[in-house]
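Here is a briefing on one protein–DNA model. Please look over the structure first; the notes after it are grouped by topic.

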Protein chains: 2
Amino acid sequence: MTEPAHRGRASGTPRRPPTIHDVAAVAGVSRGTVSRVLQGGHNVSPASLEAVNAAIAKLGYVVNRAARSLVTQRSGSVAFLLTEPQERFFEDPNFTTLLRGCTAALATHDMPLLLMTAGDEAEQRRITRYLAAGHVDGVLLVSSHRGNPMIEQLREAEIPMVCCGKPLGQRGRVPYVAADDREGAKDMVRHLVESGRSRIATIAGPQDTPGGVERLYGYREVLDEYGIAFDERLVAYGDYSRAGGEEAAARLLATAPDLDAVFVASDLMADGALTALHQAGRSVPGDVAVGGFDDSPAALTTRPPLTTVRQPWDRISSEMVRLLLAQIAGEAQPTVILPTELVIRESA
Amino acid sequence: MTEPAHRGRASGTPRRPPTIHDVAAVAGVSRGTVSRVLQGGHNVSPASLEAVNAAIAKLGYVVNRAARSLVTQRSGSVAFLLTEPQERFFEDPNFTTLLRGCTAALATHDMPLLLMTAGDEAEQRRITRYLAAGHVDGVLLVSSHRGNPMIEQLREAEIPMVCCGKPLGQRGRVPYVAADDREGAKDMVRHLVESGRSRIATIAGPQDTPGGVERLYGYREVLDEYGIAFDERLVAYGDYSRAGGEEAAARLLATAPDLDAVFVASDLMADGALTALHQAGRSVPGDVAVGGFDDSPAALTTRPPLTTVRQPWDRISSEMVRLLLAQIAGEAQPTVILPTELVIRESA
DNA sequence: CTGAAAGCGCTTACAG
DNA sequence: CTGAAAGCGCTTACAG
């Protein structure tokens, strides 16, 4: 058996990892055969296969991805792109759960995740350029607000992409993965009605986000179902933040002091609403039942713990990765809507 | 002026971005000259420089990083590596702040960040292999617990690396960036003493983490400073979690019911301690002063808001990136210890 | 200051 | 099933 050609490595010289050439020499085959083994071992004799694998193990060979990328025109990596201002994103526990899930799902395929945040327009341009240049094979896009210009640009560049949540105001069809916001909201509001509440208010999210729109639709639909008249005074809007929820609840208390339940479109806002209710001297759930949305960690630390709607983040992330990889492989994939789950705790 | 050679692009054929060859053709120079412009424009005549830049703009040329990497043996990217079990990491607001800061600092240098999490041993092996193969130019390592095997392996592979927080139990010197835990703790305990507290307890972090050890040292040193005898009954340990802080506080209340202050080694644990104190009927800061550590978002939502020690996360992340890039450039860089800041609110 | 040429480490038709 | 060879898009001495 031939020893691998030792590359010179004077002290100070950075060590060079073994190449396919070294593996071929040790295994006694051509580089083409080594490459075929790397590609799955088709059209390779058992003897060659074994020799190559032994050589790979012996040398600790790892493929040079840059070289592979250069010929395959694939990077073997995927971008996780945030188009929200960063602060917001990193404060939202939903999003960190999503990031964690996507990293894990991609690791399964030995694909690294590039984290990119496009907070302002200059960054959006820089990143669009980067992505359009083919530095990644696809993009996992998180953008909750309507009219994101990057989506259109990425589509024009024909970069495989899947969004988290339905992208609002998009002409073309962009595949996405989302929880069933409307059904989730309906489950919650039905629960409120069935438990005897009659003056049910809602704190909706921003109306340029899919969750803001859909959860409000769900609320209205259940009211219709039960023949309850819709009352504008029972609707307030928040920005998904704690402070926003607190202010919205205070407004509701002023316009509709007789409310006996509030469906809040996020747990963070629900936490804020709890504070406002508390300050107004209303007990929860005695005087007012409160339902949240997300089942975020915050839902467990509020007093009382929040009854809420669980979003299946683990599945959302794994489905996003699945759709993206399929798209990269050239298979068109339909959008996926995942069911939510009503989690009953103490607040409603 | 010569038009760029249009590459055939039948419908369905993926579009190929322009290459250095196209730029050279449009600019009327050789590919070598285009490359020189890309490298900074040294040894290039003003006329050529201008022609090349115009061609680049006209074609929307972006360098192919895979091709560049192949020859430079540099990837132009950096890994952000987590060796903690993922769940913990993503729950800790300090860490998400760190991740955000590093992404932003690297973006400045047009370097993407690869997010990798090595939760178990299999993942550690896979990732060590990946990194040792030279797929990144350096590693930003977050690992708070003693005796992380990856650090040693990465050192052996001679991969540039900087840790967040002092890596405990490392033979060789690994450069790191950290807040001055001990001084921060001393500031807090001094504040407690100066405000008239005499039975000052502490809830320390795990003793296999630098923050756990150093903050406890700081506590003891200030006691010595003031000639206060150290009392073991005034020390409890937690795991940096809310629940851990609550349990530790309950234990302290049992062993030292006369305590009038607690220095807690993290805000999350302090939040838990507040709950325990509350349940025991102690008022804060009336009966017991509580000091935290981190100045995390949670410090603002506790009741009362937490007096705490701010860690300079923005600077920690930018310094980590600075050290790493210098190391990649071949310049040895010393460890950096950053000052903390006492933030006085209502709890102490 | 500039061009021609070698070479980075792979993959992939193409012959055989 | 296998090897020889071309080529992916760059960078970098080397001459001039």
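By class, the surface near DNA strand C comprises 10 nonpolar, 12 polar and 6 charged residues. The model is predicted. The notes take the two DNA strands in turn, then a helix, then the sheet.

**DNA strand C**

- The residues around DNA strand C number 28, and the nearest are A:Ile20, A:Ser35, A:Gln39, B:Arg36 and B:Ser48.
- Both protein chains supply helices here. H2 and helix H4 (65–72) of chain A each give at least two residues to the surface near DNA strand C, and so do helix H2 (31–38) and helix H4 (65–72) of chain B.
- Sugar or phosphate makes up 66% of the DNA strand C atoms within 4 Å of the protein, and bases make up the rest.
- A:Arg68 places a polar side-chain atom 2.8 Å from a phosphate oxygen of DNA strand C.
- B:Ser30 has a side-chain N or O atom 2.9 Å from a phosphate oxygen of this strand, DNA strand C.
- A:Asn64 uses its backbone instead: an N or O atom there lies 3.4 Å from a phosphate oxygen of DNA strand C.

**DNA strand D**

- DNA strand D is surrounded by 29 residues, with A:Arg36, A:Ser48, B:Ile20, B:Ser35 and B:Gln39 the closest.
- Of the DNA strand D atoms that come within 4 Å of the protein, 66% are sugar and phosphate.
- The surface near DNA strand D divides into 11 nonpolar, 12 polar and 6 charged residues.
- H2 and H4 of chain A, and H2 and H4 of chain B, each provide at least two residues of that surface.
- B:Tyr61 has a polar side-chain atom 2.7 Å from a phosphate oxygen of DNA strand D.
- For A:Ser30, a side-chain N or O atom is 2.9 Å from a phosphate oxygen of DNA strand D.
- A backbone N or O atom of B:Asn64 sits 3.3 Å from a phosphate oxygen of DNA strand D.

**Helix H1 of chain A**

- H1(A) spans residues 20–27, and its buried residues are A:Asp22, A:Val23, A:Ala24, A:Val26 and A:Ala27.
- The cover over these buried residues includes helix H2 (31–38) and helix H3 (46–59) of chain A.
- At the N-terminal end, A:Thr19 caps H1(A), with a side-chain oxygen 3.0 Å from the backbone nitrogen of A:His21.
- After H1(A) comes A:Gly28, which has a positive phi near 70°.

**The sheet across chains A and B**

- An open sheet of 12 strands runs in the order S11(A)-S5(A)-S4(A)-S3(A)-S1(A)-S2(A)-S2(B)-S1(B)-S3(B)-S4(B)-S5(B)-S11(B), with mixed pairing.
- Why does one side of strand S11 (336–338) of chain A, and of strand S11 (336–338) of chain B, lack a neighbour in the sheet? Each stands at an edge and has a single partner strand, so one side is left free of a neighbour.
- From one strand to the next, the twist averages 20°.
- Helix H7 (residues 121–132) of chain A packs on the sheet and touches strand S1 (78–82), strand S2 (113–117) and strand S3 (138–142) of chain A. The direction of H7(A) makes about 155° with that of S2(A).
- In chain B, strand S3 (residues 138–142) and strand S4 (residues 161–164) pair in the parallel sense over 4 bridges.
- Opposite B:Val142 stands B:Cys164 in S4(B).

Definitions and conventions
Residues numbered from 1 in each chain as written. Chains lettered and ligands numbered in written order. Predicted model: local features only at pLDDT ≥ 70, side-chain atom pairs only at ≥ 80, totals over all residues. Heavy atoms only, no water. Buried < 20%, exposed > 50% of the residue type's maximum accessible area, 1.4 Å probe, protein only. Contact = heavy atoms within 4.5 Å. Polar contact = N/O pair within 3.5 Å; in protein donor to acceptor, adjacent residues only side chain to side chain. Near = heavy atom within 4 Å. Nonpolar A, V, L, I, M, F, W, Y, C, P; charged D, E, K, R; others polar. Pairing = 2+ DSSP bridges. Axes fitted to C-alpha atoms, helices over the stretch in contact; angles between N-to-C directions.
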